[in-house]
Amino acid sequence: MNIQEFLTIFISAVFVYNVILSRFLGLCSFIAISKETKPALAMSSAVMFVIVMSSAITWFVYRFLLLPFNLTYLRTISFILVIATFVQLVEMVIRKLSPQLYRAFGIYLPLITVNCAVLGVAVLNIDMFFVNGKVLVGSFYYSVFQGVCVGLGYTLAMLLMSGIRERLELCNVPKALKDFPLAFIIASILSLSFMGFNGFKV
Amino acid sequence: MRNLIKEFTKGIIKENPTFVLALGLCPTLAVSVSVANAIGMGIAATFVLLGSSLIISLVRDFIPEKIRIPCYIVIIATFVTIAELCMKAYSPALDRSLGIYVPLIVVNCIVLGRAEAFACKNNIARSFFDGLGMGVGFTLALILISAIREFLGSGQILGYALVKGFEPIFVFGMPSGALLVIGLLLGLFNLLKGRKV
């Protein structure tokens, strides 16, 4: 466990393998909610919080429940259940503690359950930091850190996209390309520019 | 019987999950690098759709309204696990190239969307055909996108070179090519739809 590992995780999760632009996780919310900057930011922060927490929780579930009892084939079911329950719990807690924040998150919070980025990161952590059923040293810190970085990558892509789309509102675009098709084409160009980070080695 | 056929065919063109409903785009983009991947993914997703539609329409009267979504997710995740294990056992190469996108079928909006919109309100036969139609529609859309990408990106389809001396455009094999292809295809569908009206 050293600084270099963390730096590699950071660069690869935020830039090289950006969740949205290169791994295509969480694309639905990316296209649907990136019309304006404010909701995009609210969504990103909610997603980031859930990703980080669920990375930690799924690590514990995998390490102390699934691995010792040879239940690794239940990974998908248990992870999605844990994530769904956690999101529900967060929703209830936030509603009770801070109605203001609850209103800011709005419908985005329950939507996160079916955001593939959350489950994707959980599965990715297991694939990367548990080799052949053995735990890598410091894998818990790596998992949580990867969660943070993926969240940052999500926020970055979301901010770029919503900024561009806000500008596009004023432009005259072909009717057939309006909204979704154009959003995909913009995402394609963004992804092309992110490809520049390929081969970037630490 | 005619009704059942209608349930089946609507998923293919009129309510195509990818192009018309714009659901389940994440796996569509990620696995459409080659036609072989697309077919594998399509079969797995169709299996999950069929199984979960069937079971959900069977138990729809017993599930309390409030906790229906978690129940659906557990049922769907069970079928995804079955598909995942079968794929690992019978075609490990395909499993490796699809990677994390196989477990991610759980959060594919098509599956949950059909459960919520159709299977929980309709009887078994209709849900079965609806699931089958959606699955086939999804598979066809995947094959279309991947055929375009594989041809432009590597000059071949399923490993066979189609045009001699074709210079591959590598960007179509990359993530940004996937986004471009789907954006233009969605635009094309909009154009065709607009012309009909």
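Two residues are said to be in contact if their C-beta atoms, placed from the backbone, lie within 7 Å. Among contacts in chain B between residues at least 6 apart in sequence, 75% join residues at least 24 apart; the corresponding share in chain A is 78%.

This is a predicted model, in which local features need pLDDT of at least 70 and side-chain atom pairs count only at pLDDT 80 or more, whereas totals for chains, interfaces and linings use all residues. Residues are numbered from 1 along each chain as its sequence is written, while chains are lettered from A and ligands numbered from 1 in the order in which they are written.

**Confidence**

The predictor's confidence in each residue is called pLDDT and runs from 0 to 100. Chain A has a mean pLDDT of 84, with 96% of its residues at 70 or more. Among the elements of chain A, helix H8 (residues 139-168) has the highest mean, 90, and helix H6 (residues 108-111) the lowest, 71. Where pLDDT is low, the predicted coordinates should not be read in detail.

**The two chains**

Helices (H or I, at least four residues) and strands (E, at least two) are DSSP runs, numbered from the N terminus. Chain A contains nine helices and two strands, in the order α-α-α-α-α-α-α-β-β-α-α from the N terminus on. Chain B contains eight helices and two strands, and its pattern along the sequence is α-α-α-α-α-α-α-β-β-α.

A residue counts as buried if 20 or more other C-beta atoms lie within 10 Å of its own, exposed if 12 or fewer, and partly exposed in between, with C-beta atoms placed from the backbone. The table gives the buried share and the span of the C-alpha trace along the principal axes.

| Chain | Buried share | Approximate span |
|---|---|---|
| Chain A | 41% of 202 residues | about 60 × 45 × 30 Å |
| Chain B | 46% of 197 residues | about 60 × 50 × 30 Å |

**Helix H9 of chain A**

The expected span of a helix is 1.5 Å times one less than its number of residues. For the 15 residues of helix H9 (residues 180-194) of chain A this gives 21 Å, and the end C-alpha atoms are 21 Å apart, which agrees. Buried residues in H9(A) include A:Pro181, A:Leu182, A:Phe184 and A:Phe194.

**Core and interface**

A nonpolar core is a set of buried Ala, Val, Leu, Ile, Met, Phe, Trp, Tyr and Cys residues joined through C-beta atoms within 7 Å. The largest one has 106 residues, and those with the most contacts inside it are A:Ala117, A:Leu119, B:Cys26, B:Val48, B:Ile76 and B:Val106. Helix H3 (residues 37-66) of chain A provides the largest share of this core, 11 residues. Leaving aside neighbours within four places in sequence, B:Ile76 is in contact with B:Val48, B:Ser52, B:Val106, B:Val111 and B:Leu112.

The contact between the chains takes 33 residues from chain B and 32 residues from chain A. On the side of chain B that touches chain A, H8(B) gives the most, with 11 residues.

**B:Phe172**

B:Phe172 lies in the loop between strand S2 (160-161) and H8 of chain B. This residue counts as partly exposed because it has 19 C-beta neighbours inside 10 Å. Not counting residues up to four places away in sequence, B:Phe172 touches B:Arg149, B:Leu152, B:Gly153, B:Gly177 and B:Val181.
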